[in-house]
Amino acid sequence: MSRLFHPFSNPADVDEQGELVLVSGSAASVRDAAGRTYLDLTAGLWFCNAGCGRSELGAAAAEQMGRIASYSTFGDVAVDTTIRLADRIAGLAPVDDPKVFLTSGGSDSVDTAVKLVLALARIRGEPERNIILHRRHSYHGMHLGGSALAGIEGNRMHLAGDLATDVVEWDDPGTLEAAIDAADGRVVAFFCEPVIGAGGVRSTAPEYMAAVKEICDRHRVILVVDEVITGFGRLGGWFASERFGVRPDVLLFAKGVTSGYQPLGGLVLSGDVWRTLGQGLDGPWRHGYTYSGHATACAVALANIELLEREGLLAGGARLESELVAAFAPLAEMPAVTEVRAGVGALAAIQLTSGDAANRAVRGLREHGLLTRAIAGDCLQISPPLCMTSEEVNRAAEACADVLAGMR
Ligand SMILES: Cc1ncc(COP(=O)(O)O)c(C=O)c1O
């Protein structure tokens, strides 16, 4: 057994069952140290939109490292590549008059947004507005702020601390308005994944996002749309907000921006938010990370965005939407399955009867050359690389049918 402490693992279980050691990958497949290949049904951890083994992304990193790997972005300094990426993302994001703040991942972006909205409340002279609302089943990362906003109960770990939060029903804008009313002027922001990912892949009626935007605007509540999973192609466009016709005050991204080839995330702020912050601070914005805007990560992101565009992989996300429905929906008839959720981009989940069934299915699928994992306790995650072929989708669904057929 190695010395690696695996995140989200039970150490005793890993000690007993061993590790799966991967050594390479190509497109939608990965290979383990014993030479077995697996179809990757999860795009790593929802990130590998471009698929594995894209050496041009490595070449972009090498070119940048040969020039200048990175430099501080604090104050008024930045490497040219970092500025090019900020401008590129600003051109893609459905945010008015955008400014881009860069981080190393989704949790960094969430916690930056938590600090940002609380700062905005103080600047607006409304320090009493300190409650942040989020949805049941939500996942907003694992830093302290994001853990306090966990709509997956087990992930909160009693970490709300000084942060005042409240949960609203995941699919009912009316409960958002009721919570805002009940808090009597104290709600500062609503954090919202356009499609709930780690909480079990749950999509609402297409009008949901527009309804929450209207409610937030009417109550002067800041809408923070967490597109860490849904950004950069997974829903068939650059951002889900565009698909659902909303322009967030703050949009969060990570994962697909580099297809996971480098750790990178960020926030796109509207011009209004940016100007309020700029005019209200009496010193610098005292927040940032050593690797905010890391030039090598930015070079890879630029190359990845170009690749997604050049190879039509956004259309791949749209193609997978109907293919996942066609291939996986019939599994809903099986005794171990209570529901198949699909039909919103390259995102789906198979809801099983229990967590035990989900864990057994994950192990069984591995034997059939398919990698997935249990999410929200009792669902199987389906979020393939956007380059997964139609034949591979069908093969994956057949393997699921074989494994689930023998289960209760
Ligand atoms: C919606 C959402 N927000 C935030 C995060 C946290 O991102 P990271 O794990 O890169 O910190 C995740 C991770 O899965 C996510 O799904």
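Trainee: Does Cys52 count as buried or exposed?

Mentor: This is a predicted model, in which local features need pLDDT of at least 70, side-chain atom pairs count only at pLDDT 80 or more, and totals for chains, interfaces and linings use all residues. Residues are numbered from 1 along each chain as its sequence is written, and side-chain values use heavy atoms, with hydrogens and water left out. A residue is buried under 20% relative accessible area, exposed over 50% and partly exposed in between (1.4 Å probe, protein chains only). Cys52 has a relative accessibility of 19%, so the residue counts as buried.

Trainee: How many disulfides does the count come to?

Mentor: A disulfide is a pair of cysteine sulfur atoms within 2.5 Å. For Cys52, which is in no disulfide, the nearest cysteine sulfur is that of Cys48, 4.2 Å away. By the distance rule, the count of disulfides comes to 0.

Trainee: Why is the sulfur of Cys192 not in a bond, and which residue holds the closest cysteine sulfur?

Mentor: Cys192 is buried, its relative accessible area being 0%. The sulfur of Cys192 has no bond because the closest cysteine sulfur is 8.1 Å away, too far, and belongs to Cys216.

Trainee: In S3, which residue is the bridge partner of Arg31?

Mentor: Strands are DSSP runs of E, at least two residues long, and helices are runs of H or I, at least four, numbered from the N terminus. Two strands pair if DSSP finds at least two bridges between them; S2 (residues 29-32) and S3 (residues 37-40) run antiparallel and have 3 bridges. In the hairpin of these strands, 4 residues lie between them, and Gly35 takes a positive phi near 90°. Across the bridge from Arg31, the partner in S3 is Thr37.

Trainee: Along S2, which side chains point to one face and are buried?

Mentor: In a regular strand, side chains alternate between the two faces of the sheet. Ser29 and Arg31 point to one face and are not buried, while pointing to the other, and buried, are Val30 and Asp32.

Trainee: Which helix gives the largest share of the largest nonpolar core?

Mentor: A nonpolar core is a set of buried Ala, Val, Leu, Ile, Met, Phe, Trp, Tyr and Cys residues joined through side-chain atoms within 4.5 Å. The largest has 63 residues, and those with the most contacts inside it include Leu352 and Leu404. Its largest share, 9 residues, comes from residues 295-310, helix H12.
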